Amino acid sequence: MTEVAKMISVDEALEYILKHFKPLEPEEVEILEALDRVLAEDVCSDMDIPPFANSAMDGYAVRAADTTGASREHPVTLRVVADVAAGHTTEARVEPGTTIRIMTGAPLPEGADTVIRVEDTSDWARPRRERGREPSTKVEVYHAAEPGENVRPAGEDIRRGELVLPRGTLIRAQEIGVLASLGKSTVYVIRRPRVAILATGDELLAIDEPVTPGKIRNSNEYSNAALVQRYGGIPVRLGIARDSVEDLTAKINEGLAQKVDLFLTSAGVSVGDYDVVKDVLNAEGEMRFWQVRMKPGKPLAFGLIRGVPLIGLPGNPVSSMVSFEQFVRPAMLVMEGKTRLAKPAVEAILEEDMTSSGRRHFVRVIVEKRDGQYYARTTGEQGSGVLTSMVKANGLAVIPEGVELVKAGERVTVQMLDWPESVE
């Protein structure tokens with residue numbers, strides 16, 4: 001074991017942690033299970049999309065040459081020889097002087113090279129209740145069309161053999177729609193990381209237990225599990241480990257037996273804490289205990305437990321959540337194959353003075369957008385045990401290291417906890 005006693009910067013800590021993570025292996029899932037995950041294969045098309053030329057409008061399929069000179073003052077009259085709706089075809093053919101009534105999405109009939117919108121015909125002048133009931137045998141056209149008007153050509157969207165979605169694509173709803181249009185019901189994506197979550201301490205109670213003197217309920221397990229889930233992981237909740245070597249060792253073994261990719265503990269790594277957590281982590285793995293120059297969240301442990309990365313978060317609930325955002329979140333994103341690791345951030349104008357200890361300070365703030373500018377004010381009391389300060393916040397204002405005062409009216413970078421709905 002190598003132990004680092006000195007405090008290191010947030011950037012140094014993050015750089016060291018991320019060296020121990022890489023994308024996980026692929027797995028095949030149904031396409032709806034692929035949402036917000038990273039594609040692990042190239043997806044090429046084996047067909048044109050759309051597979052046939054079709055109408056982009058309700059109207060009439062015509063030969064553009066038959067509409068030359070057409071206008072409302074000088075309409076062209078064509079004979080209607082058939083109707084074709086979406087999902088159907090017709091054996092009729094558009095010959096000179098004829099037209100076929102066509103619905104949006106229907107295949108373009110043979111002989112036609114354009115579609116006249118129904119609004120540009122005499123059919124539009126018929127009462128709405130009569131339209132489509134008994135189509136006229138003749139129609140007047142009021143528009144001189146060019147070939148290809150209101151026609152979606154075959155392959156307009158995707159060509160056969162085209163690389164549609166390259167490996168590494170983050171799959172959103174629109175990518176799922178494309179996969180469906182290609183007939184891919186399953187796809188290979190980077191699998192979701194399994195993250196063990198263990199709270200430590202004799203003072204902790206399960207959430208359904210009554211509070212007794214000296215005891216508090218175990219909130220960290222649930223907030224950390226929710227964050228794991230929010231950022232694409234699978235939380236593996238291990239409950240509470242008491243302050244004994246036997247119980248903590250048993251819980252670590254229980255978590256490792258569940259084939260986790262990351263192990264999270266909370267509490268027990270601060271200066272002055274009992275040495276049980278540190279002793280067990282040292283005995284079970286290779287640990288580096290850090291004090292990071294940040295507030296809240298100075299105590300942080302990182303190491304490997306039988307090859308599994310472990311991050312020991314602080315016990316105070318705000319410190320735990322802020323540390324999660326700075327270190328656990330990016331580590332999870334790396335495992336998920338994602339490359340954009342930084343949280344969305346804005347430059348906001350402070351509405352009040354903010355003081356700091358000189359460490360990098362993450363101040364819980366409320367960000368609002370007014371007249372095109374972002375403004376930030378604190379949520380109030382900033383103690384690391386005041387979990388409601390996180391409830392009220394939609395951002396973390398970042399006061400850089402070495403800065404002890406930022407005055408009202410100055411600008412500060414704010415990491416957005418909720419984006420973008422909370423500021424628009």
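Me: Which residue just after H2 takes a positive phi?

Reply: Good place to start! In this predicted model, Gly183 does so, with a phi of about 80° just after H2.

Me: How should I read helix H2 itself, and which of its residues are buried?

Reply: Start with the general idea. An α-helix has 3.6 residues a turn, so residues three or four places apart point the same way. Now the case here: H2 covers residues 173–181, and Glu175, Ile176 and Leu179 are buried in it. Looking down the axis of H2, you find these buried residues within an arc of 100°, so they line one face of the helix.

Me: What do the buried residues of H2 pack against?

Reply: They pack against three strands: E3 (43–44), E11 (163–165) and E12 (186–190).

Me: Now a charged-looking name, Glu221. Is Glu221 buried or exposed?

Reply: Compare its accessibility with the cut-off: under 20% is called buried. Glu221 has 6% relative accessibility, so it counts as buried. You will find Glu221 in helix H3, which spans residues 220–230.

Me: Which side chains make polar contacts with the side chain of Glu221?

Reply: One is that of Asn218, at 2.7 Å. Another is that of Arg237, at 2.8 Å. Leaving aside residues up to four places away in sequence, Glu221 touches Ile197, Arg237 and Gly239.

Me: How do I think about a nonpolar core?

Reply: In soluble globular proteins, nonpolar side chains tend to be buried together. Here the largest nonpolar core has 41 residues, and those with the most contacts inside it are Ile17, Leu262, Ile311, Phe324 and Met332. Helix H6 (residues 317–335) gives the largest share of this core, 10 residues. There is also a second, separate core of 21 residues, with Val236, Ile252, Val276 and Ala301 among them.

Me: What does Leu262 touch?

Reply: Not counting residues up to four places away in sequence, its contacts include Phe21, Val195, Ile311, Val328 and Met332.

Me: Let's turn to the sheet. In what order do its 7 strands stand?

Reply: To read a sheet, walk across it from one strand to the next. This open sheet runs E1-E18-E20-E21-E17-E13-E16, and its pairing is mixed. Strand E1 (7–8) and strand E16 (234–241) are at the edges with a single partner strand each, so one side of each has no neighbour in the sheet.

Me: How does E1 pair with E18, and what packs on the sheet?

Reply: E1 pairs with strand E18 (residues 286–292) in the parallel sense, over 2 bridges. For instance, Met7 has Gln291 as its bridge partner in E18. Helix H5 (residues 276–284) packs on the sheet and touches strands E13, E18, E20 and E21; the direction of H5 makes about 140° with that of E18.

Me: Why is E21 described as largely enclosed?

Reply: Count its buried residues: 6 of the 6 are buried, so E21 is largely enclosed by the rest of the structure. Both faces are covered, with Val308, Leu310 and Gly312 buried on one side and Pro309, Ile311 and Leu313 on the other.

Me: How do the partners of E21 run relative to it?

Reply: Strand E17 (residues 262–266) runs parallel to E21, joined by 4 bridges, and Ser266 has Leu313 as its bridge partner. E20 runs antiparallel to E21, joined by 5 bridges, with Leu304 partnered by Pro309. E20 and E21 form a hairpin with 2 residues between them, and Arg306 in the turn has a positive phi of about 50°.

Methods
Residues numbered from 1 in each chain as written. Predicted model: local features only at pLDDT ≥ 70, side-chain atom pairs only at ≥ 80, totals over all residues. Heavy atoms only, no water. Buried < 20%, exposed > 50% of the residue type's maximum accessible area, 1.4 Å probe, protein only. Arc of directions from axis to C-beta. Contact = heavy atoms within 4.5 Å. Polar contact = N/O pair within 3.5 Å; in protein donor to acceptor, adjacent residues only side chain to side chain. Core = buried A, V, L, I, M, F, W, Y, C linked by side-chain atoms within 4.5 Å. Pairing = 2+ DSSP bridges. Axes fitted to C-alpha atoms, helices over the stretch in contact; angles between N-to-C directions.
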